[in-house]
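Visitor: Could you take me on a close look at the place where the two protein copies meet? I would enjoy one connected tour of that part and its surroundings.

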There are 2 protein chains.
Amino acid sequence: MTHTYQERDVYVAIADPTRRKLIRLLADSDELPLHELTAQFQMGRTAVSKHLAILKEADLVTNRKIGRETRYRLNAAPLQEVKDWLSFYEEFWNDRARLLKKILEE
Amino acid sequence: MTHTYQERDVYVAIADPTRRKLIRLLADSDELPLHELTAQFQMGRTAVSKHLAILKEADLVTNRKIGRETRYRLNAAPLQEVKDWLSFYEEFWNDRARLLKKILEE
DNA sequence: CAGTCAAATATAATTTTTGTTATAAATTGA
DNA sequence: TCAATTTATAACAAAAATTATATTTGACTG
């Protein structure tokens, strides 16, 4: 058994608003158990747990068991990839910048 | 008929690798018709067209009909929202920065 | 030790996404 | 006008994501 660790795309992980809110909650509170995170949503624990699992597969959160609770913590490092991807398009963000670039190239 | 324009989330739009590649192709080539974009993928025209429709709903591309072809153009402006969202987490990107912040707060 | 709380797991139902094929419409060029 | 090209649209199917329920496991508490 070769431990088929499902690598998850960070872009997919942040595409869902629930998961973005989870990221924000963890950024604000350092470390939180599942039941406290769940309290911030309408959906049940299982659904929140699965969203956290997707974040974990993207390496955006870590967790550890303390007694009977599982506490989650943010690891924002993978977001760097998105920032890098975005940085390529900064020159296109407004037409003025793009136009300027075009003029300068000529 | 109130023209129910489906506002599409930019996060969802960029979550798909095909759509990220489309964005890149349009960034490199200014304006391209559907059939030329399709040539860069394995999938059929219809599928590519649908991906472009999602990008258009997120306002990431514009299109115009020239003769029998529809030419697509990148509008990178909506990516700014993602950048803004990311900027909030820059301080968490590496543990050192986070640790430093914590120490300074104490 | 019995009862309770927190969470994981397994399962299932539903919805969304993705891609195909088929068909029709519009444009171009001979 | 006729044939080829480009695209759009609709119907369909397969795959993935989302959420909920029920069951099980493990840890604390009285």
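Guide: Happily! The copies meet through the same surface, because 100% of the interface residues of chain A are also interface residues in chain B. Keep in mind that this is a predicted model, where local features need pLDDT of at least 70, side-chain atom pairs count only at pLDDT 80 or more, and totals for chains, interfaces and linings use all residues. Residues are numbered from 1 along each chain as its sequence is written, while chains are lettered from A and ligands numbered from 1 in the order in which they are written.

Now to the contact itself. Chain A brings 17 residues and chain B brings 17 residues, two residues being in contact if their C-beta atoms, placed from the backbone, lie within 7 Å. On the side of chain A that touches chain B, α1 (10-13) and α5 (79-87) of chain A each supply at least two residues; helices (H or I, at least four residues) and strands (E, at least two) are DSSP runs, numbered from the N terminus. The largest share, five residues, comes from α5(A). By character, this side of chain A divides into 14 nonpolar residues, two polar and one charged. Here Ala, Val, Leu, Ile, Met, Phe, Trp, Tyr, Cys and Pro count as nonpolar, Asp, Glu, Lys and Arg as charged, and the others, Gly among them, as polar.

The symmetry is worth a look too. A turn of 180° and a shift of 0.1 Å along the axis lay chain A on chain B with an RMSD of 0.1 Å, with copies superposed by least squares on the C-alpha atoms of residues with pLDDT of at least 70 in both. The two copies are thus related as by a two-fold rotation axis. In chain A, the C-alpha nearest that axis belongs to A15(A), at 3.1 Å.

Let us move on to DNA strand D. There are 21 residues around DNA strand D, of which M43(A), G67(A), P33(B), H35(B) and E69(B) come nearest; a residue is near a molecule or strand if its C-beta atom, placed from the backbone, lies within 6 Å of it. The elements giving two or more residues to this surface are α4 (45-57) of chain A and, from chain B, α3 (34-38), α4 (45-57) and β3 (69-74). With five residues, α4(A) gives the most. The surface near DNA strand D divides into six nonpolar, nine polar and six charged residues.
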